[in-house]
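Dear colleague,

Please find below the structure that I am handing over to you. My notes on what was found in it follow directly after.

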Amino acid sequence: MPQREEMARNRWLAPIAHRFLHSELWRFTRRSVPRGVALGLFAAFIVPIGQIFLAAFLALPARANLPVAALLTFVTNPFTVPFWLVVANKVGRLVLKVDAATFNAANPSLSAGGFWDKFGWFLETAGVTAFGFIVLSVVTAALGYLVSGFVWRFLVARRWNRRPARAKLLHPAE
């Protein structure tokens, strides 16, 4: 996880490091954490390489929590990529309702056989999977934003509810 000091010393970020060092990007508030969750999940699924940098750059204008955004990009990592590829393909097929009959009917030249048949299958699979990743990035970002907002409110409400009980334990005579 990148630290503020490491980002300040990074030679690639030196021209814009002052923007990443704002304290509001590193605070855990009820608005910045859900934004960080959403941006981290969006960057995790939308870009296969450089997700942390994308999440960090998106966190700047959104005033999102930078550590949370960077941390959640690790949802997709080299160990989980095969799983997410299958999920993205199934989501893409579900959303687009693409099957072999539709593809072959729309593109008869690609279903003639030989090299182009295999190339057409690759294009179909890659396109459906890429669309599935786009859908996953948008849906997980929205769900992450909502869930983290509700969890934040639940935790804060629980602390407020415990506060009077703690005050009675500390000051029983009052």
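Arg63 has a relative accessibility of 45%, and therefore counts as partly exposed, since that class lies between the 20% limit for buried and the 50% limit for exposed residues. Please bear in mind that this is a predicted model. Arg63 sits in the loop that joins helix 4 (51-62) to helix 5. Its backbone deserves your attention: the phi angle of Arg63 is near 55°, a positive value in a residue other than glycine. Most residues other than glycine have a negative phi.

As to the overall architecture, the protein has 8 helices and 0 strands. Read from the N terminus, the order of its elements is α-α-α-α-α-α-α-α. The protein comprises 174 residues, of which 30% count as buried. Among contacts with a separation of 6 or more, 72% are between residues 24 or more positions apart. The accessible surface amounts to about 11,800 Å², and carbon and sulfur atoms account for 69% of that area.

Turning to the interior, which residues make up the largest nonpolar core? This core has 7 residues in all, namely Leu25, Trp26, Leu39, Ala56, Ala59, Ala64 and Leu66. Another core, of 6 residues, lies apart from it, and includes Ala44, Trp84, Ala88 and Phe133.

Ala44 appears again in the surroundings of Leu72, a residue of helix 5 (residues 66-72). When neighbours within four places in sequence are left aside, Leu72 is in contact with Ala44 as well as with Val37, Gly40 and Leu41. Leu72 and Leu41 are 31 residues apart along the chain, yet 5.9 Å separates their C-alpha atoms. Is Leu72 buried or partly exposed? Leu72 counts as partly exposed, because its relative accessibility of 22% is not under the 20% that a buried residue requires.

Several of the remaining findings concern helix 8, which covers residues 115-170. I take three of its residues in turn.

Phe119 is found in helix 8. With a relative accessible area of 32%, Phe119 is partly exposed. Together with Trp121, Phe122 and Leu123, Phe119 makes a nonpolar surface patch of about 420 Å².

Thr125 also has its place in helix 8. Its relative accessible area is 18%, which is under the 20% limit, so Thr125 is buried. Apart from neighbours within four places in sequence, Thr125 is in contact with Asn89 and Arg93.

Ser137 is likewise part of helix 8. Why does Ser137 count as buried? The reason is that its relative accessibility is 0%. Which residues does Ser137 touch, if those up to four places away in sequence are not counted? They are Phe42, Phe45 and Ile46. In addition, a polar atom of the Ser137 side chain lies 2.7 Å from the backbone oxygen of Ile134.

Should you wish to begin with particular places in the model, I would suggest the loop residue Arg63 with its positive phi, the pair Leu72 and Leu41 with C-alpha atoms 5.9 Å apart, and the buried residue Ser137.

With kind regards

Definitions and conventions: Residues are numbered from 1 along each chain as its sequence is written. This is a predicted model: local features need pLDDT of at least 70, side-chain atom pairs count only at pLDDT 80 or more; totals for chains, interfaces and linings use all residues. Side-chain values use heavy atoms; hydrogens and water are left out. Helices (H or I, at least four residues) and strands (E, at least two) are DSSP runs, numbered from the N terminus. Buried means under 20% relative accessible area, exposed over 50%, partly exposed in between (1.4 Å probe, protein chains only). A polar contact is a pair of N or O atoms within 3.5 Å; within protein, one must be able to donate a hydrogen and the other to accept it, and residues adjacent in sequence count only if both atoms are side-chain atoms. Contact means heavy atoms within 4.5 Å. Accessible areas come from the Shrake-Rupley method with a 1.4 Å probe; for residues, only the protein chains shown count as cover. Patches are made of residues with over 30% relative accessible area and no salt bridge: like charges are joined within 9 Å, nonpolar side chains (Val, Leu, Ile, Met, Phe, Trp, Tyr) within 5 Å. A salt bridge is a side-chain nitrogen of Lys or Arg within 4 Å of a carboxyl oxygen of Asp or Glu. A nonpolar core is a set of buried Ala, Val, Leu, Ile, Met, Phe, Trp, Tyr and Cys residues joined through side-chain atoms within 4.5 Å.
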